[in-house]
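User: I am new to this structure and should be grateful for a close look at a single part of it. Please choose one helix, describe its surroundings, and then place it within the chain as a whole.

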Amino acid sequence: MLKQAKIFVLDDPIGSGKPSWSKDQGIRNFFEETFGDRSDLVTVSSKFAEKKQILVSHNPVKIKESIMSLGDLVPDSPLITVYGHGGYHHHTYGFTALALEKIKPIGEVGYVHFDNHNDLGILEPHNYLGCGSFVLKLCKDRGMTPFLIGQYFNKTVTDIFKNAKYVVQNNSYKGEYRILPSGRLPKKFVNELSPNLYLSFDLDLLSDTQINTGYNQGIVTLPQLLTMVKQISKKHNIISADILGFTRENVYYGHETEYYDAKSLLCYSILTAQLKGINQNKINEALNMHQKNKYLKIKDSIKITKNMLI
């Protein structure tokens, strides 16, 4: 678990073309409202992020430089980096570099990619790194072994990465390993994980009943995902993690929009709490509320999260 980790929350940058956020709907505002009393929360505003050119570049060198420039904001401790739109996932390329610099783990390091897509697209001309084409370069440049958990994976993965291991949920895709109905990963897969791991969560892995991401989503539930996290954390050293995916794009439910926002934000806080190793009974109570209540409001998600952290 990442008990000593700082929770590092970034706003999506201004002028990105993504939806703007009102005060009660932004990820940063939600975390400041719920985790704000904790000494382990660090937040970065959209204006500061834009000034530092955070989450705006597609050049690998600039991505690494911009993320590394945030190093002074956090001590030499693990990070749980939290931000929004999945279109920025390629910035994990920089967050992994920051984690290695901060933690300096001893021994082999693996990269665990929780995602409905493998994001293995080949680096485009002129070093253009995109959200669907960064994992290959990340693992090669960081010397990390790739472990992929999702749905849209096939033999192409092992054709590109001879040492890649992947596990799938959808029965129509033939994977070397398959996620069990309980959410547990095959024991052999877990045993093959590197001793040190960086975890990256694009939550389009989850069903659209759990969170809204604006992308085609998987069929994993939040309880299943937490089961995987607990299973991996028992025997492996998690050096850092990032969580992303929530957006209001492609949500056309009129007055129901807030319900999707509320469930999505609660999904973020529950996963963060699980990574932090917060009281499991409290997490289970919050998880039960997330699963059973379709029509949550933002204020409900704030209250549930605060109760979870008591």
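Analyst: A residue counts as buried when its relative accessible area is under 20%, and as exposed when that area is over 50%. The model considered here is a predicted one. With that cut-off in hand, the part chosen is helix α8, which covers residues 222–235. Of its 14 residues, 10 are buried, so the helix is largely enclosed by the rest of the structure.

The buried positions can be named one by one. They begin with Leu222, continue with Gln224, Leu225, Leu226, Thr227, Met228 and Val229, and end with Gln231, Ile232 and Ser233. In general, an α-helix has 3.6 residues a turn, so residues three or four places apart point the same way.

The setting of this helix is a protein chain with 11 helices and nine strands. Across the 310 residues of the chain, buried residues make up 57%. Among contacts with a separation of 6 or more, 74% join residues that lie 24 or more positions apart. The accessible surface of the chain comes to about 13100 Å², and carbon and sulfur atoms account for 49% of that surface.

Another pair of helices shows how such elements pack in this model. Helix α1, residues 27–34, packs against helix α11, residues 298–309, at an angle of about 45°, and the two axes are 9 Å apart. That angle makes α1 oblique to α11. The crossing of the two helices is right-handed. On the α1 side the contact is formed by Phe30, Glu33 and Thr34, which meet Ser301, Ile302, Thr305, Lys306 and Leu309 of α11. By character, the residues of this contact divide into three nonpolar, three polar and two charged.

Two loop residues complete the picture. As a rule, most residues other than glycine have a negative phi. Lys104 has a positive phi of about 50° although it is not a glycine. Lys104 lies in the loop between α4 (92–103) and β4 (109–114), and with a relative accessible area of 54% it is exposed. Asp119 likewise has a positive phi, near 55°, and is a residue other than glycine. Asp119 belongs to the loop between β4 and α5 (135–142). At 9% relative accessibility, Asp119 counts as buried.

Terms used: Residues are numbered from 1 along each chain as its sequence is written. This is a predicted model: local features need pLDDT of at least 70, side-chain atom pairs count only at pLDDT 80 or more; totals for chains, interfaces and linings use all residues. Side-chain values use heavy atoms; hydrogens and water are left out. Axes are lines fitted to C-alpha atoms, for helices over the stretch in contact, and angles run from 0 to 180 degrees between N-to-C directions. Helices (H or I, at least four residues) and strands (E, at least two) are DSSP runs, numbered from the N terminus. Angles under 35 degrees count as roughly parallel, over 145 as roughly antiparallel, 65 to 115 as roughly perpendicular and the rest as oblique. A crossing is left-handed if the near helix is turned anticlockwise from the far one by less than a right angle, and right-handed if clockwise. Contact means heavy atoms within 4.5 Å. Ala, Val, Leu, Ile, Met, Phe, Trp, Tyr, Cys and Pro count as nonpolar, Asp, Glu, Lys and Arg as charged, and the others, Gly among them, as polar. Buried means under 20% relative accessible area, exposed over 50%, partly exposed in between (1.4 Å probe, protein chains only). Accessible areas come from the Shrake-Rupley method with a 1.4 Å probe; for residues, only the protein chains shown count as cover.
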